[in-house]
Amino acid sequence: MAETQTTRPSARSNGKSEADLEGFNRDQLHGFLREMLLYRRFEEKAEEAYAIGKIGGFCHLHIGQEAAALGCIGPLREDDYVITAYRDHTQALAKGLEPGPVMAELFGRDTGSSRGKGGSMHIFGPDDGFLGGHGIVGAQVPLAAGVGFAIKYRGEDRVCVCFMGDAAVNQGAFHEALNMAAIWKLPVIFVVENNEYGMGTAFSRVSALPVKDRAKGLGVPSHHVDAQDLLATWTLMEELIAAVREGAGPQYLDARTYRFKGHSMSDPVSGTYRSKEEVQKRVKEQDPITLLRNRLYEADLLTEDELKAMDDEVRKEADDAVQFAEDSPLPDPQELYTHVYSEINEHGRLFFDGRDREGED
Ligand SMILES: Cc1ncc(C[n+]2csc(CCOP(=O)(O)OP(=O)(O)O)c2C)c(N)n1
Ligand SMILES: [Mg+2]
C-alpha cells in the first residue's frame, strides 16, 4: 500500500529579516539550496528509473535549470498560478506538489498527479495552482492569457507565471497571446527559459532577434536575468510579481539558463548540435546549485556538514518518492474511459472540479 508523502519544509519567503546575503537570511538561503538539491536528486532518480525501463514515454529533464524554476515560482503566493511546457517536473515541485505523486506520474501509476494518464509531460496540480505540463510547443501561452483573463474578470489579484522554452517564441500563438495580454493588461508573467536550444537547433540559427527583443513589438515590457543566479532571479521576480499584482499588466522575462542533459532521455547529452566542451564548460561554470553553494561558503553561511546533512535528507526524499511510485498500483483498465471528454451533468452543464455543485439547483 502506498504511503502519502510528508510535507517538506517550504522555501517560500515570509518576508526578509536578518539579511545575510542580498537581503535573504540564513534560513531562507538554506531553504533555497535544499530545494534545488531536491529537484536535482529527484531528476537523477527519474533518469535512473527511465534507464532501466521503469518510466516509459517521453521524459525531459530540467537538470541545470533548477534556479529558473525556484527563482520564478518561489516568490509567488500559493494561490497564484503556474503553467508550463513539458520540461515540468521541478516546476511542479516548486509550486508545491509533493515528490511522491510527481514520481508516480512518471511511473504511470494511479497515485500520480494526473492519475498516471499524463506522464512526464503532463504533470498537473490544480489544488496547488499548477496548470500543467503541455506537450505542444507554445500551446500553454494562449492558455496563460486565458488564465490571466479569468483572474481579471473575477476581480482577483492573483498572478499567472507562464513558462516556455526559447523555441516557443517563434510560434504564432506566442505573438497572438502576448498581443492580447498587452491590450487587456492581463496579470501574466511570460518567462522564457532560454537554454539556447530547441531540441537540436540553436536559437541563433533560426531567429533574427535575440530572445530578449521578441516581445518588444507587442507592447509587453521586457526584462532579462542570469537564471543560473537564484538570488538575482528571485529578486527580479519579486519585483515583477508585485508590479503585476498592482495592475502593471503583462511582463516578459528572458531567463538565461542552460540544459545540462540531452533534450529528452532518448537524446545524447551533447549530440551533433553542441560540443562536449561547450556542455562541460557550462556545467563547470554555471551550475546553479554549485554557484549558490559557493556563495554561501564564501559568506560563511554554510558548512560542509550542513550541506551533507541537507543532501542526505533530499536523497532520502527522492528515494521515498521512487518507493511510493513503485508501491502504487497501476490505473484500473476501466480508467481508460474516464477523463477522456468533459463530463456534463444532468442540467447540461460541465462538471468542473468538485462534484459538490451537483445538488446546487
Ligand atoms: C508545435 C510543436 N512543434 C514541434 C514539436 C516537437 N518539439 C518538441 S520539443 C521541441 C523543442 C522546443 O524547444 P524549447 O521551446 O526551446 O524548449 P526546451 O526543450 O529547450 O526546454 C520541439 C520542436 C512540438 N512538440 N510541438
Ligand atoms: Mg530551449
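## From a glycine after α4 to the sheet and ligand 1

Begin by selecting Gly108, which lies just after helix α4 and takes a positive phi of about 70°; keep in mind while you look that this is a predicted model.

Step back along the chain to α4 itself, residues 99–106, and colour the helix by burial: the helix is mostly covered, with 8 of its 8 residues buried. The buried residues include Pro99 and Pro101 as well as Glu105. To see what covers them, add α1 (26–51), α3 (89–94) and α11 (304–327), against which the buried residues of α4 pack.

Next, show the open sheet, in which 5 strands follow the order β1-β2-β3-β7-β6 with parallel pairing. Its edges are β1 (81–83) and β6, each of which pairs on one side only. Looking across the sheet, you will find neighbouring strands turned by 20° against each other on average, direction ignored.

Now zoom in on the β6 end, where strand β6 (residues 222–226) runs parallel to strand β7 (residues 251–256) and is joined to it by 5 bridges. Select Ser222 together with its bridge partner Tyr252 in β7, then His223, which stands opposite Leu253. Adding helix α8 (residues 230–245) completes a right-handed β-α-β unit with these two strands. Helix α8 packs on the sheet, where it touches β3 (188–194), β6 and β7, and its direction makes about 155° with that of β6.

Finish at ligand 1, around which there are 14 residues, with Val137, Gly165, Asp166, Ala167 and Gly198 coming nearest. Coloured by character, the shell around ligand 1 divides into 6 nonpolar, 5 polar and 3 charged residues.

Notes
Residues numbered from 1 in each chain as written. Chains lettered and ligands numbered in written order. Predicted model: local features only at pLDDT ≥ 70, side-chain atom pairs only at ≥ 80, totals over all residues. Near = placed C-beta within 6 Å. Nonpolar A, V, L, I, M, F, W, Y, C, P; charged D, E, K, R; others polar. Pairing = 2+ DSSP bridges. Helix = DSSP H or I, 4+ residues; strand = E, 2+ residues; numbered from the N terminus. Right-handed = clockwise from strand over helix to strand, strands pointing away. Buried ≥ 20, exposed ≤ 12 C-beta atoms within 10 Å, placed from the backbone. Contact = placed C-beta atoms within 7 Å. Axes fitted to C-alpha atoms, helices over the stretch in contact; angles between N-to-C directions.
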